[in-house]
Number of protein chains: 2
Amino acid sequence: MADLLNFVALSLLPPWCWRVAADWLRRGDPPDSVLRRLLAACARNEPDRSSAARSLAADAIRRAESASVTAIPWSDAAYPVALTTLADPPPVLWTRGRVAALSAPAVAIVGSRAASPYGLAVAEQLAGDLAACGLAIVSGLARGVDSAAHRGALAAGGVTVAVLGSGVDVIYPPEHASLAKAIDEDGAVISEFVPGTGPQPWFFPLRNRIISGLSRAVVVIEAGEKSGSLITARCALDQGRDVLAVPGNVLSGRNRGAHGLLRDGAKIVESADDILEELGVRGVRPEVGVRPRLTLTSDPTPSTDPVFDCLVPGEACDLDAISERSGLPSPRLLPRLFELELQGLVRRVGGGRFVRVHRTC
Amino acid sequence: MADLLNFVALSLLPPWCWRVAADWLRRGDPPDSVLRRLLAACARNEPDRSSAARSLAADAIRRAESASVTAIPWSDAAYPVALTTLADPPPVLWTRGRVAALSAPAVAIVGSRAASPYGLAVAEQLAGDLAACGLAIVSGLARGVDSAAHRGALAAGGVTVAVLGSGVDVIYPPEHASLAKAIDEDGAVISEFVPGTGPQPWFFPLRNRIISGLSRAVVVIEAGEKSGSLITARCALDQGRDVLAVPGNVLSGRNRGAHGLLRDGAKIVESADDILEELGVRGVRPEVGVRPRLTLTSDPTPSTDPVFDCLVPGEACDLDAISERSGLPSPRLLPRLFELELQGLVRRVGGGRFVRVHRTC
């Protein structure tokens, strides 16, 4: 609880602090010490700020509890491992719905808020096909492509995660309140902003890094030249995620951003198979009543896998340690760790660390 | 005339002979000797075949004359230099309209015969914009994208060249007879098949190599998975031409071939500017009543140009000699020679040879 309070207080600091906080936490500094030093740096002339921040944090935690919102701090085992690799991970994820949804292998589908019927149809179809293969669909609950992607995943009986640019109890746009409720059932609605926070224009570019960060790939549909989806694509590239784009009409101007991504080397998407192929996974469409699942196209051989080999059963390692031992940079480690986790060979523990599973059979 | 007769007779031999004929002609063998040896190889047991071939050739030439069709043999100065670089250039080009149109810098626009309104609109717009910038538009006079491209070029007051899979006096499809007539005005309708030849399914893949061969780049619009346009794109790659493709709807299946090309590295086309940029040229839209023209984006400096430098005024060189002297492979030579020709610094002479222009000013 004390840890949570410190993490929530950290999340109330300006965004530039999160990167510093993550650096210090990663090297093992306790959260209260990180908070104290950052508060001192942010508010030299406001000695009361520390207690004020903790008080605001306590209010937020109480508000969350009363609204059945789960707070997942960075140190929690349930904190999505994908986000621990970000330079500026959110100190806390406020979560509605199923926390486990955040750990599923995921693909983000993002695009225009003013999408054409074509864009909406493609988003819904891709999301449905991917969800049916066991991938979680991450998007931003916005009008247009985002909500079509969520709906497509739900229609396929799959899992979807909505990342908001407001508190999880302040649904924006308001007409998506029922969609958010439907997502809660099997998926999750999350935000880094404390409950009660209203949407602000500058929150949306920030939350985009979480959409891409949670995902193994970002698929862009109908992004214009100045679309926010291009920010998500940029975040994905910075985070070492794959970027893919759906082509479309060249006369409407609706696809300039997506085509620009293709020009810059993004993979072209015509169907879910293109995405599965890029991820190196093979989706298995489940029979009715059976949970979707995902298998690797190339059967892994953990005994010769440098990532698996450098983990010792029972010893939890963070990404830096695994990177040092395996010689692989963090962005390349993550997909491999995902796969090992899916196979039940590796398990995540608190603080973004991984442990090799000891198998007796 | 004797030369023409031999070349026409060569064109009546099976297509595999043309590659051999080109090799022998390039090394300086006279056409009558090439014809004699190929006839001997093709028809060992038919000693009369030589005179029969010459007789058929003479008939074809007479038919062409009476139909105002110009026969341009490989040895003619008017034979398009772009085709001389092909492994299997047509021995003769039968031409309606303006022969000079065959020497303009050109772009091919090809695609589906059963194009959607979107495909037709894009073809017409791209062709019009490129033609207005001084590029000739080459296509196959087919239904759909081909005819839309011809029409777009004509509407812009530009030059267009139709390459047929039948004789130039046997227009296929028949409803394009008036389009062919309109093309004759400022452009050309050409074929490698002697006048009177009806369309045959296996003629079309053959003529596709001429569409790409005449052009500096091939733009594919709405090619399905088994579209003939993909043969043209393949020819273009073999010939060292650029291949570009227009994206479109991923749900209709109409664009699978074009998207496949993009996946394989073709440049994405949203507007004529993308094509001009790929060619390294800047189109200048003419004022009313002024002929379209084309300028180089980077001002050439002939005095430091390896292609220009290796040519001696008054001495005609073929591509092999220029390649040897300049150290550049033929596919790279051709665009440069085009540009030097456009600037009036180099002139084509017979037999696919080039000569540096002696300037007195």
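**Entry 1: a cut-off before starting**

I count a residue as buried when its relative accessible area is under 20%, and as exposed when it is over 50%. The model I am reading is predicted.

I began with B:K267. Its relative accessibility is 14%, so I log B:K267 as buried. Next I looked up its salt-bridge partner. The side chain of B:K267 meets that of B:E277, with N and O 3.4 Å apart. The bridge joins distant parts of the chain. B:K267 sits in strand β9 (residues 267-268) of chain B, and B:E277 in helix α12 (residues 272-279) of chain B. Ten residues separate them. Is B:E277 buried or exposed? B:E277 has a relative accessible area of 58%, so I log it as exposed. This bridge therefore pairs a buried lysine with an exposed glutamate.

**Entry 2: salt bridges in chain A**

I took the total over all chains and got 28 salt bridges. I then picked out some in chain A.

A:R96 and A:D184 form one of them, at 2.7 Å from N to O. This pair also links distant parts of the chain. A:R96 is in strand β2 (residues 92-97) of chain A, while A:D184 is in helix α8 (residues 177-186) of chain A. The two are 88 residues apart. I checked exposure, and both A:R96 and A:D184 are buried.

I set A:R234 and A:D238 beside that pair. Their closest N and O atoms are 3.5 Å apart, and I count a salt bridge. Both residues lie in helix α10 (residues 228-238) of chain A. They are four residues apart, about one turn of the helix. Here A:R234 and A:D238 are both exposed.

I also noted a network. Salt bridges link A:R27, A:D29 and A:R37.

**Entry 3: where the chains meet**

I turned to the interface. On chain A, 19 residues are in contact with 19 residues of chain B. The two chains bury about 1600 Å² between them. Carbon and sulfur atoms account for 62% of that area. Which three residues of chain A supply more of its buried area than any other three? I found A:V250, A:R263 and A:E270, which supply 40% of what chain A buries against chain B.

A:R263 came up again in the salt bridges. It pairs with B:D274, the closest N and O atoms being 3.3 Å apart. Between the chains I count four salt bridges. I also count six residue pairs in polar contact, both residues at pLDDT 80 or more.

I asked which elements give two or more residues to the side of chain A that touches chain B. They are α6 (117-132) and α11 (256-263) of chain A. By residue type, that side of chain A divides into ten nonpolar, five polar and four charged.

**Entry 4: how the copies are related**

I superposed chain A on chain B. A rotation of 180 degrees does it, with 0.0 Å of shift along the axis and an RMSD of 0.1 Å. The two copies are thus related as by a two-fold rotation axis. I looked for the C-alpha of chain A nearest the axis, and it belongs to A:G248, 2.1 Å away.

Why do I say the copies meet through the same surface? Because 100% of the interface residues of chain A are also interface residues in chain B.

Terms used: Residues numbered from 1 in each chain as written. Chains lettered and ligands numbered in written order. Predicted model: local features only at pLDDT ≥ 70, side-chain atom pairs only at ≥ 80, totals over all residues. Heavy atoms only, no water. Contact = heavy atoms within 4.5 Å. Buried area = accessible area lost by both parts, 1.4 Å probe. Polar contact = N/O pair within 3.5 Å; in protein donor to acceptor, adjacent residues only side chain to side chain. Nonpolar A, V, L, I, M, F, W, Y, C, P; charged D, E, K, R; others polar. Buried < 20%, exposed > 50% of the residue type's maximum accessible area, 1.4 Å probe, protein only. Least-squares fit on C-alpha atoms with pLDDT ≥ 70 in both.
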